[in-house]
Amino acid sequence: MRDFEYLQMENLEKAFGGLTPVRALGGVNMKVAQGEFAALVGASGCGKSTLLRIIAGLDTPSAGRAFFHREDGDEPIESPSRDRAMVFQSYTSFPWLSVRRNVEFPLLLHPDGGNREERKAKVDHYLELMGLTEFASQYPNTLSGGMRQRVAIARTLVNEPGLLLMDEPFGALDAQTRWQMQDLLLNVWGSSRCTVLFVTHDIEEAVYLADKVYVFSPRPGVIRAVKDIDFPRPRDPDIKLTDRFKTLQVEILNVITETVMTAAKETAAGGRGPEDLKKTLVEKPHHGGDGA
Ligand SMILES: Nc1ncnc2c1ncn2[C@@H]1O[C@H](COP(=O)(O)OP(=O)(O)O)[C@@H](O)[C@H]1O
Ligand SMILES: [Mg+2]
């Protein structure tokens, strides 16, 4: 990927039509510097996956824009690209291919994927990095959830994307596997220094991994707070035991709780039903007489 100063979302909005229109994103503004590890947290349904899909080029915004800012100008995101790779919570490997073939597969799809030897070298590197070397000839359904997710991540990394979009990638894993995967990811990121946008429900995970945690309001999602996480790198799991770590977690949780409470009050005061919902799509929600 060509170098960029930052990836910017400017007043990015997304509404879905249909019988019950949904305003998923309500004007997102954020700037993510190249090489930054950004974590996105917020209530379920606040548009985090929608935002990642727009950045991946899999969906288009209803208003506003997403673009890479470079010295020589802005490059809008208009379509998918190998440079922007998504990793989902569910394992996206092919069950009929061995681990090695799964990781090699993306290279076969592209004319510049390299010759046989080059491909083998690359695949070996990422298998090694993800601790999969000894499982190379196995099939995904013989592996645990954590190992399968490693295969999915290795398949993504083999394309060497400049931007890694991770949508609750460890959400289906048990706590211990999750911790291992976090360290593995930090390790990989430390050597590639790609830019990461990482969505998670887990505030501890967000604080442990990220340089910055972006806190979303409930739907329509906007960014309510940005927390700088300044623990040194490489991160030591023991930072989770420090007061500073716990304070950050509580501060983030407080912002989320506050935004959820405010949204609940606004809904209660503004009424419901399709007509009211439609109104809230075009107007700011109005407050009732409760002084909120
Ligand atoms: N393709 C779609 N059509 C209609 N509504 C959608 C679509 N995708 C997402 N939504 C709605 O947009 C809102 C935000 O969804 P999503 O981005 O998945 O939130 P999150 O990832 O934060 O949980 C939700 O109310 C969801 O139901
Ligand atoms: Mg989601």
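Biologist: Where do I start with this one? Which strands pair with each other, and in what sense?

Modeller: It's a predicted model, so we're reading computed geometry. Start with β1 (residues 6-16) and β4 (residues 63-70), which run antiparallel to each other and share 6 bridges. For one concrete pair, take Glu10, whose bridge partner in β4 is Arg65.

Biologist: What is the strand order of the sheet they belong to?

Modeller: The sheet is open, with 4 strands in the order β2-β1-β4-β5 and antiparallel pairing. At the edges sit β2 (22-33) and β5 (73-76), each pairing on one side only. Going from one strand to the next, the twist averages 25°.

Biologist: Which strands does α1 touch when it packs on that sheet?

Modeller: α1 touches β1, β2 and β4, and its direction makes about 60° with that of β2.

Biologist: And why would I call α1 largely enclosed?

Modeller: Count neighbours: a residue is buried if 20 or more other C-beta atoms lie within 10 Å of its own. In helix α1 (residues 48-56), 8 of the 9 residues pass, so the rest of the structure largely encloses it. Among the buried ones are Lys48, Ser49, Leu51 and Ile55. Right after α1 comes Gly57, with a positive phi near 85°.

Biologist: What about the other sheet: how many strands does it have, and in what order?

Modeller: That open sheet has 6 strands, ordered β6-β7-β8-β3-β9-β10, and its pairing is mixed. Its edges are β6 (84-87) and β10 (223-228), and the twist averages 15° from one strand to the next. Look at β3 and β8 (residues 195-199): they pair in the parallel sense over 4 bridges. There, Leu40 stands opposite Val199 of β8.

Biologist: Is Ala38 buried or exposed?

Modeller: Ala38, in strand β3 (residues 37-41), has 22 other C-beta atoms within 10 Å, so it counts as buried. Leaving out residues up to four places away in sequence, its contacts include Val32, Val196, Phe198 and Tyr214. Asp211 is another of them; it is 173 residues from Ala38 along the chain, yet their C-alpha atoms are separated by 6.0 Å.

Biologist: Now helix pairs. What should I look at?

Modeller: Two packed helices are described by the angle between their axes and the distance between the axes. Here, the axes of α4 (residues 145-157) and α5 (residues 175-192) come within 10 Å and cross at roughly 20°. That makes α4 roughly parallel to α5, and their crossing is right-handed.

Biologist: Which residues make the contact?

Modeller: From α4 you get Gly145, Gly146, Gln149 and Leu157; from α5, Thr177, Gln180, Met181 and Val188. By class, that's 3 nonpolar, 5 polar and no charged residues.

Biologist: Any backbone oddities to check? Which peptide bonds are cis?

Modeller: The bond joining Arg219 and Pro220 is cis, with omega about -5°, and Pro220 lies in the loop between β9 (212-216) and β10. The bond from Arg233 to Pro234 is cis as well, with omega near -5°; Pro234 is in the loop between β10 and α7 (243-270).

Biologist: What is phi at Glu160 and at Glu168?

Modeller: Phi is near 50° at Glu160 and near 45° at Glu168. Glu160 is in the loop between α4 and β7 (163-167), while Glu168 is in the loop between β7 and α5. Glu160 has 14 C-beta neighbours inside 10 Å, so it's partly exposed. Glu168 has 20, so it counts as buried.

Definitions and conventions. Residues numbered from 1 in each chain as written. Chains lettered and ligands numbered in written order. Predicted model: local features only at pLDDT ≥ 70, side-chain atom pairs only at ≥ 80, totals over all residues. Buried ≥ 20, exposed ≤ 12 C-beta atoms within 10 Å, placed from the backbone. Helix = DSSP H or I, 4+ residues; strand = E, 2+ residues; numbered from the N terminus. Pairing = 2+ DSSP bridges. Axes fitted to C-alpha atoms, helices over the stretch in contact; angles between N-to-C directions. Contact = placed C-beta atoms within 7 Å. Parallel < 35°, antiparallel > 145°, perpendicular 65-115°, else oblique. Left-handed = near helix turned anticlockwise from the far one by under 90°. Nonpolar A, V, L, I, M, F, W, Y, C, P; charged D, E, K, R; others polar.
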